[in-house]
Amino acid sequence: ASTLGAAAAQSGRYFGTAIAAGRLSNSTYTTIAAREFNMVTAENEMKPDATQPNRGQFNFSAGDQIYNWATQRGMRVRGHTLAWHAQQPGWMQSLSGSSLRQAMIDHINGVMAHYRGKLHSWDVVNEAFNEDGSRRQSNLQGTGNDWIEVAFRTARAADSSTKLCYNDYNIENWTYGKTQGVYNMIRDFKSRGVPIDCVGLQTHFTGGSSLPGNFQTTLSSFAALGVDVVLTEVDVTNASTTQYAGLTQACLNVPRCIGITVWGVRDSDSWRASENPLLFDGNGNKKSAYTSVLNAL
Ligand code: XIL
């Protein structure tokens with residue numbers, strides 16, 4: 001196969017990218033994105049501050065722009081994200097306790113109703129753990145330790161057709177505290193019947209020339225709990241070919257690792273642009289990391 005999406009499809013997987021609505025008017029960007037990828041995540045446009053800027057007033061214009069652009073080109077879409085400590089609208093940031101809990105539930109219901117039946121998966125909860133594996137002390141955590149479980153139960157009731165994911169960063173190294181914290185939560189959810197279908201490893205690699213310790217063991221261990229595993233926001237300092245090839249191979253080696261998404265198209269599109277972490281350079285040329293990924297797929 002000659003594109004990332006087609007190469008990933010050979011093994012039944014997808015290869016995706018983050019898309020920013022503001023860049024859809026750039027033809028270099030859209031040409032590469034439409035050619036190479038078969039899954040799309042809105043980089044910011046489906047986050048709480050974008051979708052519910054005022055309480056009770058939902059706005060899906062930018063999210064729909066990305067959804068329509070992608071699906072008109074035969075690509076599928078992942079939803080990102082419903083409950084997160086960051087990128088909350090101002091009104092939500094100022095809530096706490098039972099009113100914030102209700103606002104979270106209302107937000108999940110409102111956004112998921114709009115996209116009901118349309119999305120491949122949703123990152124229901126994003127980044128809820130500290131590095132040591134304890135819960136992040138966010139305003140959401142302040143509503144009670146069961147907030148994550150409530151978010152997932154609400155999401156399942158709102159749209160039973162989409163996969164429900166927990167998504168986080170720094171959960172790639174199997175021996176790391178945060179990885180174990182997330183693993184234990186998912187094990188607990190599965191044992192108690194809390195609905196969860198997938199875990200998203202953001203896979204923002206910083207520095208280093210090899211993969212974080214036991215990366216493939218992390219993927220297979222999560223998968224053994226009975227969830228799909230997805231790499232959701234891949235970018236790598238200086239686009240190390242070793243790390244890009246390694247993370248791709250690790251996913252291919254784990255049957256329930258069903259897809260890989262890179263967090264942007266060209267280096268110049270990246271939130272980490274100064275690190276040149278993506279597969280295309282600022283001019284839209286394929287980098288050596290692109291070839292290493294394509295060859296590994
Ligand atoms: C980032 C976007 O790329 C930026 O444009 C935005 O300013 C901040 O958020 N973890 C996530 C993503 O789950 O939503 C973040 O995206 C990167 C870290």
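This is a short conversation about the ligand site, the open spaces and two backbone details of a predicted model.

Author: Residues are numbered from 1 along each chain as its sequence is written, and side-chain values use heavy atoms, with hydrogens and water left out. In this predicted model local features need pLDDT of at least 70 and side-chain atom pairs count only at pLDDT 80 or more, while totals for chains, interfaces and linings use all residues.

Reader: Which residues come nearest to the ligand?

Author: Glu43, Lys47, His80, Glu233 and Trp263 come nearest, out of 13 residues around the ligand. A residue is near a molecule if one of its heavy atoms lies within 4 Å of it.

Reader: What makes the pair between Lys47 and the ligand a polar contact?

Author: A polar contact is a pair of N or O atoms within 3.5 Å. An N or O atom in the Lys47 side chain is 2.7 Å from a ligand oxygen atom, so the pair qualifies. The side chain of Glu233 also has an N or O atom 2.7 Å from an oxygen atom of the ligand. For Asn126, a polar side-chain atom lies 2.9 Å from a ligand oxygen atom.

Reader: How much of the ligand does the protein bury?

Author: The protein buries 78% of the 410 Å² that the ligand exposes when taken alone. Such areas come from the Shrake-Rupley method with a 1.4 Å probe.

Reader: How do you know that the ligand sits in the largest pocket?

Author: A molecule sits in a pocket if more than half of its atoms lie within 2 Å of the pocket's grid points. The ligand meets that test for the largest pocket. A pocket is an open set of points on a 1 Å grid over the protein atoms alone, with protein on both sides within 12 Å along at least five of seven lines. The largest pocket holds about 270 Å³ of space. Of its 16 lining residues, Glu127, Gln202, His204, Glu233 and Trp271 lie nearest its centre; a lining residue has an atom within 4 Å of a point.

Reader: What is the volume of the second largest pocket, and which residues are closest to its centre?

Author: Its volume is about 160 Å³. Asn170, Glu172, His204, Phe205 and Pro212 are the closest to its centre, among 13 lining residues.

Reader: Why is another space called a cavity rather than a pocket?

Author: In a cavity a 1.4 Å probe fits but cannot get out, whereas a pocket is open. The structure holds one cavity of 30 Å³ or more, and the largest cavity has a volume of about 30 Å³. Its lining includes Trp84, Asn126, Glu127 and Arg136.

Reader: What makes the bond from His80 to Thr81 cis?

Author: Omega is near 0 degrees for that peptide bond. Thr81 is in strand β3, residues 76–84; strands are DSSP runs of E with at least two residues.

Reader: What is notable about phi of Asn170?

Author: Phi there is near 55 degrees, a positive value in a residue other than glycine. Asn170 lies in the loop between β5 (163–168) and α8 (177–192), where a helix is a DSSP run of H or I with at least four residues.

Definitions and conventions
A polar contact is a pair of N or O atoms within 3.5 Å; within protein, one must be able to donate a hydrogen and the other to accept it, and residues adjacent in sequence count only if both atoms are side-chain atoms. Grid points are joined across faces, edges and corners, and a volume is the space filled by probe spheres set on the points.
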